[in-house]
Number of protein chains: 2
Amino acid sequence: MSTKPNVFALKGNILYCKDKDTIISAENHYLLCIDGKVEGVFQTLPSGYSEIPVEDKGDSLIIPGLVDLHVHAPQYAFRGLGMDRELLDWLQTYAFPEEAKYADLEYAQKAYQIFADDLLAGATTRACVFATIHVDATILLMDILERTGIRAMVGKVNMDRNSPSYLCEGSASQSMADTKRWLDNIAGKYKNIAPILTPRYTPACSDSLMQELGALSVSENLPVQSHLSENDAEIAWVRELCPDTNSYAESYDRFSLLGNEQACIMAHCVHLSPDELELLRTRGTFIAHCPQSNTNLASGAAPVRQFLEMGLPVGLGTDVAGGYSLSMFRVMADAVAVSKLRWKLMDDAYKPLTIPEVFYLATKGGGKFFGNVGSFEKGYDFDAVVLDDANLPSPSELTPLERLERLIFLSDERNVKEKYIAGNRVK
Amino acid sequence: MSTKPNVFALKGNILYCKDKDTIISAENHYLLCIDGKVEGVFQTLPSGYSEIPVEDKGDSLIIPGLVDLHVHAPQYAFRGLGMDRELLDWLQTYAFPEEAKYADLEYAQKAYQIFADDLLAGATTRACVFATIHVDATILLMDILERTGIRAMVGKVNMDRNSPSYLCEGSASQSMADTKRWLDNIAGKYKNIAPILTPRYTPACSDSLMQELGALSVSENLPVQSHLSENDAEIAWVRELCPDTNSYAESYDRFSLLGNEQACIMAHCVHLSPDELELLRTRGTFIAHCPQSNTNLASGAAPVRQFLEMGLPVGLGTDVAGGYSLSMFRVMADAVAVSKLRWKLMDDAYKPLTIPEVFYLATKGGGKFFGNVGSFEKGYDFDAVVLDDANLPSPSELTPLERLERLIFLSDERNVKEKYIAGNRVK
C-alpha cells in the first residue's frame, strides 16, 4: 500500500541534546517531521519540502518531549501529602492504603482521569507507569492513558508476600494468573500503551513469583520495571530475605529480571555497591533517578555522575507520590539541587550535575528506553513540546538556552503550549 | 478625632500557627478584622458584630500572609540563571554585573516593576529587601513597592571595598553620604515601606563604614540586614580580613550591627560555631534561612532545628536570585527537603523539619521581625491570604490541613486569590 507521507514542519527556537554535555540551540529553525519521525533540524527547508505545511511558533522554544521513567499513577491522588516518614513506614501508612482503593473501579476512574489529565497538560510525552495489583483498574488506566495520546508502558503490580492482606495477591500462582489475565485482556488493544512486567520490589515478591515473572518476560518478550536500593532499611530487609544472594541487584538478576534479556528499569539505585553497579552495567539496566522522591522519603542522594561516568543508561523519574510533582522540569531542577547537596554534604568526588546533563537525562537519556526517542536527530520519533515563557518577563534579552534554563526551574503546565508525540499533536 | 472603626470579616477555612508545633485549623470560621488588626477567629460572629460586612470565601483556605525575610530585588532579573558556581564566583560573574545595571533608572524601572508585580501576585505580604548601592534606583524600588500595598523594609546596599570598581562606593565617607542622602530623600515618604540599613557583608564593608553604619543604626533607630556565614570560602576570607575578631558574627557585633540595639536579620547562618550561635542568641538576631539559595550555590544546609531548639528567632527567605523562585511556599517545601538531606547525608542529630514548623517559620517566625505579624491571634496585623486549590483535584475529600500541606508543595500564584495586608486588600 502506498500512501502519501505525512510531512510538516514546526518553526521556532529548537533545543535538544545529542549527548549529555551540550544542548544544541537552533534559533528560528525548522523541525521537519515525516511520518512521525524527525527528518532533521534545518535553517531553511531542504529542497523538495518548500511546499509543506509549516507551523510558525514564533519566538517559542521547541524541545523534545520529556520522559518520566518512573511514576505510580494510583499514588497521584495523595501527591504532596504524608511525607513525614521513610520508605517502609510510608508504604504501610500512605501508599498501600491508597493503592487498595483501586479495587473500586469507580474510584479508579475518578483518580486515574485526574492523573491522565495532568500528565497530558505537562511536558511529558513518554512514561513508565506503575498501576496496582488490580487487573481491571490497570486496564482502565491503560484505556484512559491511550486516549491522551501519551506513549506509556504500564504495569500491573505483582505482590505476593510481606504486603498488607488488603493489598496482597496471596500466592505466586494467583499473582501470575492475574498477570496473564491482564495481558490476555489487553493483547492488541492499544496503539500508544504497552504492558511492562512490574514486580513491586524484592520484599513483596516471593522467589516463585519472581521466577515465573522472569520466565514470562523472556517468553513473551516483555520489559520489566521495579525498585532497587532506595532506602537503607529496605536494603537490610532484602539481605535478610535473600540470604543466598550477594546483593539486592542479584535478587532480581538471578531470575532474569535485571535486563538480562529484556529491557529493564530499576528506580532509585541510591546505595548500590561497586559490584552491583558492575552487574547493572553488564545487564544494560536502565536507572530511573528520582531525586525529589529520594529527598522526600529521606532515602539519600544517588551518585548520578558516577552512573554517567560508568556509561550506565540513566533517565529521570517523578516517582509520584514519593515525588509530589508530575513535572519533569521540576525533577530536572531537583536533580541539580540534590547533586549539589550530595557534593557539599556527603562526597565531593562527584561534581554536581549541570543543566545540559539533566536536560539530556530527561530527554534522550530516558528516551532510549523507548527506542529512538528524546532527541531531534534524524530518525527519532517526533516527540516535541512547544514552550511559551511570556509569563516570565525579563528586563534583558535572553538567549533560547537561557530561557530553557529558566523554564527548568520556573515553568509549569501553563508554559506547555503544544505537545506532539510521534508526529501527532496531543495538546 | 473619633471615626467609626473599620470592621469586616472573612469566612472560610482558617489556618494559622500560635507556635511551631501545631497548625490550628478552624473550618468554616470567621476571621474578624477591626481597624487593620485581627480581633480573633470565631465559629459565630461575636455579639455586636452580627451586622458587619462578611466576605464568604466558601471552601477556600485563609492563612496569614507569608514573610520573606531575605530577597534581592535587583537579582530577580536573572532568576533561574547562572547557578553553576559557588557564592564568591557567582557574585562576581552574575550578581555584581546585574546589580551594576541599576545605575540606569530606565533599566531599574523595568526590572523592579517586574519584581513588584510578581511579588504582589504571590502570597508574600511582608519582605526584607536588598536593593543596590544606587540611591536613586533604591528610592525608585521603594516607590514601586509602596504602590503594591506590600509592607517591606528596603535597604540601599553599602559596599566600599573588595567589590568590582563598577559596583563600589569607593570610600566609607562616600557610602555614608549616599546612605544619608537616601534616608533624607525618603523621610516620611511612605506608608508601607521603611528603610533598613544594609551593609552587604563583611568582605565588602570596611571597618570605618561598619562603624558609621552601626552608629547610624543606633542614632536613627534603624534596623539592619546583612549576610552571615553562607559559604566556606567566604568565611575563610572574613577570617583573613578580620584577624582581630574571633568569628564572622563578631565582625558585625563589634560595630553594633548584630541586633545589639536595633533589630537585625542575618541571612543564611549555615556554618556558625557554637560561640557564634550563643552570640546571636544574646543579641536576639533574626536568622533568615534560605534553603533554596543555600542549595543552588552549594553553600550547605543550615541546622534549623538547632536554631529552633535554642530559641533563636528564625524565618525563611527566598534569597532571590540565589533562590530562583519568589514563592514562599516553595521555600517552605525546600526547607523540609534540605532538612531531610541534611539529616540523611550529614548529621542525624537534628530531625527533619515538619510541615507545621516550616509554616510557622514562613508566617509567625519571620513575621515577628515586623511586630505582631504572621498569625491570627488577637492584636496581630490583619495580613491574610485567600487560597483556592480548585486546580488540584483529589478523588478523596481532603481536610483543610491536608489541602494546605499540598499547596505548600504544589501551589503557585494562581492559587492566591486574594491578599490583605493590615486590613487592606491588595490583590
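## Cavities

On a 1 Å grid over the protein atoms alone, a cavity is a set of points where a 1.4 Å probe fits but cannot get out. Its volume is the space filled by probe spheres set on the points, which are joined across faces, edges and corners. In this predicted model, local features need pLDDT of at least 70 and side-chain atom pairs pLDDT 80 or more, whereas totals for chains, interfaces and linings use all residues. Residues are numbered from 1 along each chain as its sequence is written, and chains are lettered from A in the order in which they are written.

Five cavities of 30 Å³ or more are present, and the largest has a volume of about 190 Å³. Lining residues have an atom within 4 Å of a point; of the 17 that line the largest cavity, the closest to its centre are A:Asp334, A:Ala337, B:Thr295, B:Asp334 and B:Ala337.

## Helix H5 of chain B

Helices are DSSP runs (H or I, at least four residues), numbered from the N terminus. The expected span of a helix is 1.5 Å times one less than its number of residues. For the 14 residues of H5 (residues 207-220) of chain B, this gives 20 Å, in agreement with end C-alpha atoms 20 Å apart.

Buried residues (under 20% relative accessible area, 1.4 Å probe, protein chains only) of H5(B) are B:Leu209, B:Met210, B:Leu213, B:Gly214, B:Leu216 and B:Ser217. Because they cover an arc of only 165° around the axis, they lie on the same side of H5(B); the arc is that of the directions from the helix axis to the C-beta atoms. On the other side, B:Gln211 and B:Ser219 are exposed, that is, over 50%.

How values were computed. Side-chain values use heavy atoms; hydrogens and water are left out. On a 1 Å grid over the protein atoms alone, a cavity is a set of points where a 1.4 Å probe fits but cannot get out, and a pocket is an open set with protein on both sides within 12 Å along at least five of seven lines; lining residues have an atom within 4 Å of a point. Helices (H or I, at least four residues) and strands (E, at least two) are DSSP runs, numbered from the N terminus.
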